[in-house]
Amino acid sequence: MGQSQLIISHSPHIKGKDSIESIMYGVVIAMLPALMASAWFYGIGALKVVIFSVIFSVIFEFLIQKYLLKIEPTVKDGSAIVTGILLGFNLPSSLPIWMIGVGALVAIGIAKLSFGGLGKNPFNPALVGRVFLLVSFPVEMTSWPRPLDTRTMLSIPDALTGATPLGLIKEGVAKGEPIAEIMKNAPSHLDALFGAIGGSVGEVSALALIVGGLYLLYKKIITWHIPISFLGTIAIFSGVFWLIQPEKYVDPLYHLLTGGILLGAFFMATDMVTSPMSKLGMLFFGAGAGLITILIRLFGAYPEGVSFAILIMNAIVPLINIAFKPKRFGEVKNG
Amino acid sequence: MSILKTFKLGGIHPKEGKLSANSPIKVFPLPKTVYIPVSQHIGAPATVLVAKGETVKTGQLIAKGEGFISANIHSSITGKVAKIDEIVDSSGYPKKVIVIDRANEEIWCDNIINSDPNTTKEFTPEEVKQKIREAGIVGLGGATFPSHVKMSVPEGKTAEYLIINAVECEPYLTSDHRLMLEKGDEILKGISIMMKTLNTKKTLIGIENNKKDAIEHLQKLSKNYSGVEVISLKVQYPQGGEKQLIDALIKKEVPSGKLPIEVGCVVQNVGTAFAVYEALYKNKPLIERVVTVTGDSVKEPSNFLVRIGTPIESLIEAVGGLPETVAKVVNGGPMMGKALSNLSAPVTKGTSGILLIDKKEASRKIPKNCIRCARCTMVCPMGLAPYLLENLTNRKLFESSEKEGIMDCIECGSCSYTCPANRALLDMIRVGKSEVNTIRSKRVKK
Ligand code: SF4
Ligand code: SF4
């Protein structure tokens with residue numbers, strides 16, 4: 001190569017390995033254990049929901065970008081796949097396919113692309129899609145098929161059909177039954193850990209979610225700040241209530257293992273686009289989401305609450321970013 | 001294993017690429033012609049003292065530093081001044097150079113000692129400062145700040161520590177590493193002179209742990225010198241930044257906008273310590289330096305002792321010429337060096353290395369939307385929010401970017417290196433800094 005063709009640009013002249021693609025596909029890999037657990041416990045229905053959700057998300061992103069926005073489609077970056085899987089994870093495995101399409105359209109078209117695409121969206125697209133479906137089709141969105149008993153080595157109580165563990169408990173408490181009674185009919189802690197519980201596709205197996213979360217941490221795709229503050233806050237608050245009135249409230253571990261808490265903590269609250277930019281901000285964000293979740297669970301109308309909690313915290317991220325700036329080196333205090 | 005010291009905020013670990021670490025320093029043959037810029041340092045350019053046709057000896061003063069912040073320039077060879085010309089140097093702008101054609105016989109200036117000197121001589125602090133200034137010594141790590149300025153501790157301040165920057169945190173470069181292995185005694189003698197001058201009792205030599213042989217070697221030698229301690233540091237870029245190094249060694253933060261002396265430190269590069277030795281005991285001005293010539297497709301990555309003014313081309317020739325695959329030539333390291341447009345640009349006092357970068361790494365990737373991943377913030381050693389500084393600069397909100405600390409940026413490039421969306425964060429931050437500088441100078445005028 002001759003001298004005239006030398007490339008001139010400013011430093012730095014080398015670039016690290018991270019790219020949007022490497023991050024997004026890393027998240028996809030981290031979600032595979034949960035997907036496999038779900039397929040194991042719910043059978044082909046679970047896979048079907050996730051696959052359709054991914055296909056819809058990718059196709060809508062491609063079509064909208066190409067024909068409506070007339071820009072180069074960005075589906076290759078993997079973010080639509082992540083949104084698709086996350087949306088699928090938040091749906092019951094029995095949801096009709098056309099509803100999945102509606103959810104994906106809302107997630108990709110409204111929550112992501114109408115704000116300017118990846119990086120500009122204030123709210124987690126998958127959660128917006130999920131909440132939209134929940135509000136529009138409350139019945140379909142809350143009928144949970146029971147896990148396939150034959151596939152599992154764990155005990156599955158008969159009463160499980162049609163409700164999530166937290167739904168069961170909420171109902172029982174409303175009727176005035178003591179927790180100990182209700183828990184006899186609800187799945188055990190162990191069931192929740194492995195995944196033999198009713199719920200949306202992605203939240204069934206706590207263990208699989210933890211494995212995926214550890215992978216994200218190990219690959220440095222996420223930092224510990226949001227998951228730990230989120231889970232910690234839930235543990236502390238539910239623990240306080242449980243200690244005061246154990247006959248009315250379930251123990252903190254049960255909270256952590258059910259209702260998508262781990263899915264939220266590792267995969268949804270940590271969505272980089274919609275979470276804060278400094279470590280302190282992340283701690284605040286995680287703690288806030290945890291607090292709102294537990295308030296909804298204990299006092300609100302919904303038995304779960306993770307989605308709403310994260311969306312509410314998404315909304316105040318710009319404020320968090322202003323309030324919690326990173327600590328500067330050698331900062332001179334004015335005054 | 002004990003935990004190695006490092007600085008506390010941010011930092012990255014790029015591939016080290018120290019290909020030339022085991023190549024001993026070779027004396028580079030004298031070039032036919034040298035091109036010596038009159039401005040190789042931070043501060044005012046030196047004033048030319050010679051005219052076309054004049055014969056000069058090796059080591060002769062040919063341009064004089066004007067004012068306190070400037071540096072003398074000496075002829076690096078014996079020969080005849082061919083012309084005073086302009087040449088595009090590594091800054092990309094034409095700069096004034098003194099062009100000297102070499103004579104066959106090398107004649108050194110009379111007072112320069114070229115054999116082993118008597119190193120028992122004592123100097124007063126004034127003599128030392130004077131000699132450092134006369135010898136035209138500047139920071140040899142790349143910043144090229146005139147060294148005599150740093151040796152003058154301002155009224156009311158004391159230099160509690162002399163800190164020797166031997167970190168060489170830039171990937172690929174090995175010139176300081178080789179110098180420590182081959183000139184350890186000279187470096188330590190230079191350090192003792194500086195300690196006496198500064199009236200400092202304690203010297204810390206900071207070396208990254210990827211140079212274990214240099215650490216051991218200097219540790220052994222330093223036993224004969226009181227108050228000199230070699231400290232092994234974790235490999236973490238940009239540890240060679242003055243403020244980062246001080247933080248790593250003594251856990252003190254130099255306040256924003258202030259100099260190291262604010263926390264009782266004077267920081268000098270290890271190459272500068274060697275130059276001080278040569279200036280004091282051998283009367284030798286700064287006319288040569290060690291330059292690493294390296295790159296992934298370079299056949300024989302090497303370290304050369306090169307006379308200032310030698311065309312960079314000839315260094316590349318000496319390692320086998322420009323490989324086909326190379327698309328970028330950098331003066332300095334990959335993180336902070338400058339891309340060269342003109343390979344006949346000369347080696348200057350600040351040239352620590354010449355790096356040849358292959359095509360696949362040389363061009364930038366297409367930038368995408370910021371995905372707000374906060375990685376740039378996490379790696380910034382100054383605790384800044386690079387994504388925000390870029391954004392404010394794009395929106396021409398320069399005063400806000402000043403409040404967000406844009407002037408604290410040390411241009412280490414960690415943010416751009418890390419950004420998964422390939423954003424050219426540092427490019428925009430540089431634009432922002434220069435705008436803020438303009439605003440500041442207007443403010444002063446008012
Ligand atoms: S170049 Fe400036 S903003 Fe970027 S990481 Fe380095 S100090 Fe921070
Ligand atoms: S590293 Fe790049 S993508 Fe991430 S926040 Fe900074 S500018 Fe945005």
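**Exercise 1. Decide whether N72(B) is buried or exposed, and place it in the fold.**

Solution. Start with accessibility. N72(B) has a relative accessible area of 8%. Buried means under 20%, exposed over 50%, and partly exposed in between, with a 1.4 Å probe and protein chains only. N72(B) is therefore buried.

Next, locate it. N72(B) sits in the loop between β5 (61-64) and β6 (73-74) of chain B. Strands (E, at least two residues) and helices (H or I, at least four) are DSSP runs, numbered from the N terminus.

Then look at its partners. A polar atom of the N72(B) side chain lies 2.8 Å from the backbone nitrogen of G65(B). Leaving aside neighbours within four places in sequence, N72(B) is in contact (heavy atoms within 4.5 Å) with residues including L61(B), A63(B), R133(B), E134(B) and K349(B).

The model is predicted: local features need pLDDT of at least 70, side-chain atom pairs count only at pLDDT 80 or more, and totals for chains, interfaces and linings use all residues. Residues are numbered from 1 along each chain as its sequence is written, chains are lettered from A and ligands numbered from 1 in the order written, and side-chain values use heavy atoms, without hydrogens and water.

**Exercise 2. Find which chains surround ligand 2.**

Solution. List the shell, that is, residues with a heavy atom within 4 Å of the ligand. Chain A appears with M277(A). Among the chain B members are C370(B), C373(B), C376(B), C419(B) and R372(B). Residues from chains A and B surround ligand 2, so the site is shared between chains.

Now sort by class. The shell has 11 nonpolar, no polar and 1 charged residues. Ala, Val, Leu, Ile, Met, Phe, Trp, Tyr, Cys and Pro count as nonpolar, Asp, Glu, Lys and Arg as charged, and the others, Gly among them, as polar.

**Exercise 3. Describe the surroundings of ligand 1.**

Solution. Take the nearest residues. Of 13 around ligand 1, these are C380(B), C409(B), C412(B), G413(B) and C415(B). Two or more residues each come from α13 (414-418) and α14 (425-445) of chain B. By class, the shell divides into 10 nonpolar, 2 polar and 1 charged.

**Exercise 4. Characterise the lining of the largest cavity.**

Solution. A cavity is a set of points, on a 1 Å grid over the protein atoms alone, where a 1.4 Å probe fits but cannot get out; lining residues have an atom within 4 Å of a point. The lining has 22 residues, with M24(A), V82(A), L86(A), D271(A) and M272(A) nearest the centre. α3(A) gives the largest share, 4 residues. By class, 15 are nonpolar, 5 polar and 2 charged.

Definitions and conventions. On a 1 Å grid over the protein atoms alone, a cavity is a set of points where a 1.4 Å probe fits but cannot get out, and a pocket is an open set with protein on both sides within 12 Å along at least five of seven lines; lining residues have an atom within 4 Å of a point. A polar contact is a pair of N or O atoms within 3.5 Å; within protein, one must be able to donate a hydrogen and the other to accept it, and residues adjacent in sequence count only if both atoms are side-chain atoms.
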